[in-house]
Structures are given as structure tokens and as C-alpha cells.
Number of protein chains: 2
Amino acid sequence: MTYAELDRKALLRIRDEAQQKLNTYEAQHLSLDLTRGKPGRSQLDLTEGMLTALSSGRDCKDEDGLDCRNYGLLDGLPEAKRLFSDLLGIPADRIIVGGNSSLNMMYDAVARLMLYGAAPGKTPYCRQGTVKFLCPTPGYDRHFAISRSFGMEMIPIEMREDGPDMDAVREAVKDPSVKGIWCVPKFSNPDGITYSDKVVGEFAALEPAADDFRIFWDNAYAVHELYDTEVPLRDIFAAAKEYGHEDMIYYFASTSKISFPGSGVAIFASSDANVAYTKKIMSAQTIGFDKLNQLRHVRYFGSADGIRAQMKQHAALIRPKFKVVLDAFRRELPDTGARWTEPLGGYFVSLYVMPGTARRVYELAGKAGVKLTAAGSAFPSGIDPRDSHLRIAPTYPDLGDLRIAVPILCECVKLAAAEKLLG
Amino acid sequence: MTYAELDRKALLRIRDEAQQKLNTYEAQHLSLDLTRGKPGRSQLDLTEGMLTALSSGRDCKDEDGLDCRNYGLLDGLPEAKRLFSDLLGIPADRIIVGGNSSLNMMYDAVARLMLYGAAPGKTPYCRQGTVKFLCPTPGYDRHFAISRSFGMEMIPIEMREDGPDMDAVREAVKDPSVKGIWCVPKFSNPDGITYSDKVVGEFAALEPAADDFRIFWDNAYAVHELYDTEVPLRDIFAAAKEYGHEDMIYYFASTSKISFPGSGVAIFASSDANVAYTKKIMSAQTIGFDKLNQLRHVRYFGSADGIRAQMKQHAALIRPKFKVVLDAFRRELPDTGARWTEPLGGYFVSLYVMPGTARRVYELAGKAGVKLTAAGSAFPSGIDPRDSHLRIAPTYPDLGDLRIAVPILCECVKLAAAEKLLG
């Protein structure tokens, strides 16, 4: 029987049992962390060989003989472009290989839109009054933080099983002050949803009122399958080409969850015109990014297949962690009014607890020593209107800690639901 | 006798001799490059050991046990801050350790001023109409390129032997639309001038009309002495403290010409208030910079003294190159109406040829196979009003090439001067 069907007495028993268990946990002064999508230590160890992939000056020349230890080459090594091109199916000359952070490249892309405009002759966003960005919700808090930082108005767009609600997107972009949308098209953060071919096609076909509207296509989990099932994502550039809309696409990716987070390599890709325009502005910003680190990646992985092979090892390490979470949810939560995602890749599980209890679960878990990402943080305003969503990040803790943390979380979900029904 | 004192016949002989020599060079189809301030290969080899300074996962923890391979720590490793603090005499908590490029940190600092303003509550530059920056001239072309990129009006300030003309600076900052100044206070690019204690004090005491005026203090050559003579630079923060003006100082430095250009580590330092404000904005831009590369620098150099020792090796490698240039100038150019700087450090020699001939020298040298930085490029507009200045960068070519290139340059200077006097 679901909690909603139980009588008061049964609910009181559930509440008291859960409370008792949590009291025991609290007394243990645990410190467990399910907050951020960070790889675990064993995943980082996979890439150890990259540290010494360049070990002498002789190793530091690129395929054209350029000494990567010295200044130069704004848009990245040719072989690094090719590596990403092979991996992602984007033409190499569309790619700018940057520094260590795709988030930084996204922020910089928005800053350029703010200060210079989307193309030569276009008015910078900062001189256009209110700027609005569409935020598929729940979504990635750091995307929303960029919009917030630039003072943008954020419009939530509901996520469906196959991607954002495209009717709502089409309606919203009729407003010429709507300038962009944040997308994680594959294994979305936090739901793990991959946009269907239809949704990708609808993005490509979009006809926004603003001619400087941009789709931020953050393919952060492009090769981050958890299981043997490969999950294809339709090629947004190919789809956009059919409509002559390639200028609308800003594509981002990185090796943060392939090699080392914080010491990986990120890319920006767009239409030829956008890439040329971006490079012109970037030439005032920097002489070039860290080419040695780009070369380390090329030498260590060798090829896109080298990356794919490493991703299988990553998956083998984190699959058991997802299993711990999902097994516990399946065992403990079916009657509580909670539902959850069972993603085929990416870094997160979305847990939708009984509406009106997410903040309470967050609070209870914190007291019991399990740190969760704050309830509401996947929403642009930081407020989940249903107070139901929690983002669970299973990858960083080791398996032992996870086996302690997740049952605690489940007790919190039960207690909060019982409390809620008891009123 | 100087050329100006010679009769027409003597000038014709000089012209013809120089032309003849240049014809010979031209026939050799040389390709020599004196354009940019890049270290030579032997300098890069000095830092070879850094490539393997981190060789296993165990090496990758910072002093607090943080795994530098993973996400986190926005403002840099504590030991990296301390390394720069010891080297530059700046309090460690004033320092943000960033990515691979101080130029990028400067650009980002200007972008923040444009978009967010200089402090909480201050109006962003982009909403203040015309913004003007002071450009000590001749100066660093990439500084000016940042101002140009943001559409600023650039006001040239003449460089004196002890730094910028501070009377002109004080006069200029009475205009509230004057928002900043570009400074390379030690071994300035391109003159190699180090600001005197008096000039540094006058900067610290500056009372601009704009309360969001910022001094961009690009200490790019902080430890880049060419000879055993140490050239002290007065501590700008200590001086500014006397006037309560620490908020006015934006300090930058990097290891680009210490370790690897393009794969070094850069810093930004400012007042406590500015650092806190900057970190808040930066937290929307990135999760953090490349901590592994910061750690590589700390491990490889060990201490500020380790850096100083390496700088002596750099100096030993580039001193002979400066000698080739200066010996040739002293031997060939005294009568031509040219003068030049003989810097005690840094990466450049300023060659001031007979007024009205710099562009001609550039052109002649190009024809003879010696690429120079374009005449005028050290001036904000790209135009040197006297058409006299050429920036000579001796470090990148090897000694053999330099011994061919510099005499060619000298012939070009002679020919252009003779042509000019002949009318």
C-alpha cells in the first residue's frame, strides 16, 4: 500500500521507525557527501598515464612541428581538434580547443554576446535592455548561475521524457528579448534524459523572433554511457544545416569527466561564421590556451577510440554506485510517493520525493550526516515549485560510504512523506 | 660625423652601399624573425623537469590533502599563492592564481569592469558611455588591443626615463571618463624602463575623478633581470596603502617567461575587497583553474629562490643575444640619428630610428628577409606620430640567426636615414 493509502496509525509507525533510525545515524556523526558530480578517486587513477605523456622537450612538438611549450596558436592544436572531431562527429574546422573548462567557455561566450553582440553589426545584449534565457528545468545549476550573474531573466521550460517541452520553447522564442536556451542534450543534468531525434530536429528548426538567439548545446556527457547500450544523440549541426540555422548553435564539450576534472580540455564549436567571429574577439583575450595539456590528451588517448575505451572503464567503476542508489530506491521508496530516474548515462539520478517534502528531506539528511545538493538548486530561481526534486550524485563517494548514505536518505524520504501526510 | 652633417655626395655613397648590401641579402631569401618576445628553445629546455614533476596520482595532492586532479578551489592552491607571494612580495591572501595567461586575466578583469562595474553598486563601464584608458607609449600592443576590443578611447601618455609622464597622468585623470591605465612597471615593454620609486609613489597617490579608476599593473618582467644588477621596483600595494588606495591596484604576473609560455600560471592580485568581489563573479565563470599545472610549478621550483635561480639561467641564455643587438647598434648606428634603449632586463630593445623612417626600415627589412614588429605597433592607434620607433625582440632567434639579422637591420636603418636626408 502506498503511504497515501495508509491510515494515521500506520503513518505514525512509519514516522517513528524512520525517526528512530535517523536518531541512531545522527549519533554516529557521519559525514557523507552526495552533492556534486565529481568522479571518484579510482576514476582519476584511470588517467594516471597522462601525467607523463609528455616527458621531454622532444615530446612537445605538434604534428606541424610547432613547439607547444611556446606561445601561439589561438584556436588549438590540429590534432586536438581532430580528436574531438572524431569523438563528437563535428567538423574539425568548426572547433576551437580551449582551456580546462567548458563552463568557462560558456561564460565567455555569453560575455561576448553581452559585450560584442552575436555577430558583426549586431547589438550587444548589454544594450538591448532585458535579456531572457530559457532554462529547461530541472537543469544544471551552473548554467543558471551564468544567466543570473549577467542579470538575465530566466524562464523555466519543463523537461519531458524526450527533452524540453518544445511547444513551450516555440512559444517563448516569439518574444524577441528571449536570446538563448541552456541545453544538456545527452544524459541531461540532472534527469539523465537524452533528447529525441524529434526534439533535436525541432531545436534545429526553431525560428526565434530574436535573430541573435543562441542554443547553448552543452554536450557534457557525450560519451558517458553507464551500460553497454549506446545512446545516440542526433547531430545538431547536420539538423541545423537543413534550415540554414547553424549560426544558432553554440556547442560545448570537455574531457572533464574523461581525463581530469579541472585539468581537462574543453571545446567550443559553432558555424564557420561564428568561429571566425569568436576567434577575432578571442585574439584580444589571449595568445592561446594550454597547448601542452591539449597535446597530453592527444598523446595519451591516441584516438577517439582510445577515449571510448577509457569511458568503458569509467562506466565499470561507477555502474555499481548507481546500482546501490537505484537498488535502495527500488527497495525502500515505491510506497512513499517518490519516483526517480534510471539514467543510461551521465552523473546523476533525479529523485522526485513526495511533493512538498524535498526541502525537509534535504534538512533531515543533513542532520543525519548526509550532505545533499540543496533542494531547489536544479531550478533557475533556486526554488522548486513542487518542492519535490533532489539531485543525487553517486559517483564521488566510495561504494562503502554510498551503502551507508543511501539507506539514510531513504529513511529521510520516508519520514518526510509520513510527516507530510500526518499534516 | 652624423648623417645630418654629411653632404649630399657622402649620403649618396652611404645609400648606395647600404642598398648594395641589402640586395645581396635579398638574393639569399633569408627568413629571420625579430618580432615577438618569445623565449628561445634553449630557454624552454631549462624547464624540462616540470613536465614530469607530477608523475603519479600520489603526487597530485596539495598541502591540505586536496586531490588536484578533481574539481574545486576557485582561487588557486595555497602553496601556489605562497610561491607568488614570496616571489613578488604580495600577501598570499591578495592573490588569485588563475590559468595559463595573465593577458587573459587582464582581459577578464576589464570585461568584469565593463559588465559588472568596479565594486558592488558601481555602474558597469558599459553603461557609462565613453570609457577612456591611458596608454603609456610606446607600450605593449596587446594591452592596447584589449582596450580597442572593448571600444575604449585610448589616450597616449609619454614614457619618460623613470616611467610614464605623471603630470600628464594627473591631468588626464581629472576626466571622469578616464577609467584606467596600462602599466608594465618593470622592464617595460618595449623600452625596458623600470618605474622609479617616485613614479610608483605618484601612482599610489593618484586621485582620479572616476572612483572606479583602475591601475593595471602588469608586472610581466618582475624577476627578468638580464645582468647581475638587481633592479628593484617599489611595492605598489605598500605605497597605495598609505593613501587608502589599494582598491585602485589590479596587479598581474605570470610564469610565461619563467616556465613555459602558454603553459605557465598567471595571477591577479588586488585589495581584499576587490579579491572578494572578483571571486564572487568568477564563481559563475569557472569551477576552478588547472590546479595540476599550479602544483607542477610549485613542485618543480620548490620556492621563490628556485625561480630566481632559474631566472639566472634564462639571463645567461639571452644576455648574449642582447649583446649581439646592442654591439651592432653601437658599432653601426651612432651616426644615423638613431638611439636605442639598453635595458637591464625584460625582452625588448627599443630602437628609435631617424624620425620619419621607421616604417621604411620595417619595409626594407622585410624585403631583405628580416621580419620586424610592424612600425607603430607599440602605439595605441598603431601609428607612431614620429614614425621613429621599432621594437626589437632578440630572444627567440638563435644566436647565429641573430648575427645575420641585426646587421641587415642596421643597413636598413642607414639606407632609410640617407634616403630621408636626400629627400
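How many residue pairs in polar contact does the rule find across the interface of chain A and chain B? Let's find out on a short tour of this predicted model.

**Stop 1: the interface.** Show chain A and chain B together. The answer to the opening question is 20 residue pairs, with both partners at pLDDT 80 or more. On the chain A side, the elements giving two or more residues are α2 (41-46), α4 (102-116), α5 (141-149), α9 (272-285) and α10 (291-301). Select α4(A) next: with 8 residues, α4(A) gives the most to this side. Colour the touching side of chain A by class and you will find 26 nonpolar, 18 polar and 12 charged residues.

**Stop 2: how much is buried.** In total, 56 residues of chain A are in contact with 56 residues of chain B. The area buried between the two chains is about 4,600 Å², and carbon and sulfur atoms give 52% of that area. Now pick A:Leu51, A:Arg69 and A:Tyr71, which supply 17% of the area that chain A buries against chain B, more than any other three residues.

**Stop 3: a salt bridge.** Stay with A:Arg69 and add B:Asp45: their side chains meet in a salt bridge, 2.7 Å from N to O. The rule finds 2 salt bridges across this interface.

**Stop 4: the largest pocket.** Select A:Pro138, A:Met159, A:Asp191, A:Arg339 and A:Tyr352, which lie nearest the centre of the largest pocket among its 32 lining residues. The volume of this pocket is about 680 Å³. Highlight strand β4 (residues 153-160) of chain A, since the largest share of the lining, 6 residues, comes from there. By class, the lining divides into 17 nonpolar, 7 polar and 8 charged residues.

Conventions:
Residues are numbered from 1 along each chain as its sequence is written. Chains are lettered from A and ligands numbered from 1 in the order in which they are written. This is a predicted model: local features need pLDDT of at least 70, side-chain atom pairs count only at pLDDT 80 or more; totals for chains, interfaces and linings use all residues. Side-chain values use heavy atoms; hydrogens and water are left out. On a 1 Å grid over the protein atoms alone, a cavity is a set of points where a 1.4 Å probe fits but cannot get out, and a pocket is an open set with protein on both sides within 12 Å along at least five of seven lines; lining residues have an atom within 4 Å of a point. Grid points are joined across faces, edges and corners, and a volume is the space filled by probe spheres set on the points. Helices (H or I, at least four residues) and strands (E, at least two) are DSSP runs, numbered from the N terminus. Ala, Val, Leu, Ile, Met, Phe, Trp, Tyr, Cys and Pro count as nonpolar, Asp, Glu, Lys and Arg as charged, and the others, Gly among them, as polar. Contact means heavy atoms within 4.5 Å. Buried area is the accessible area (1.4 Å probe) that two parts lose on being put together, summed over both. A salt bridge is a side-chain nitrogen of Lys or Arg within 4 Å of a carboxyl oxygen of Asp or Glu. A polar contact is a pair of N or O atoms within 3.5 Å; within protein, one must be able to donate a hydrogen and the other to accept it, and residues adjacent in sequence count only if both atoms are side-chain atoms.
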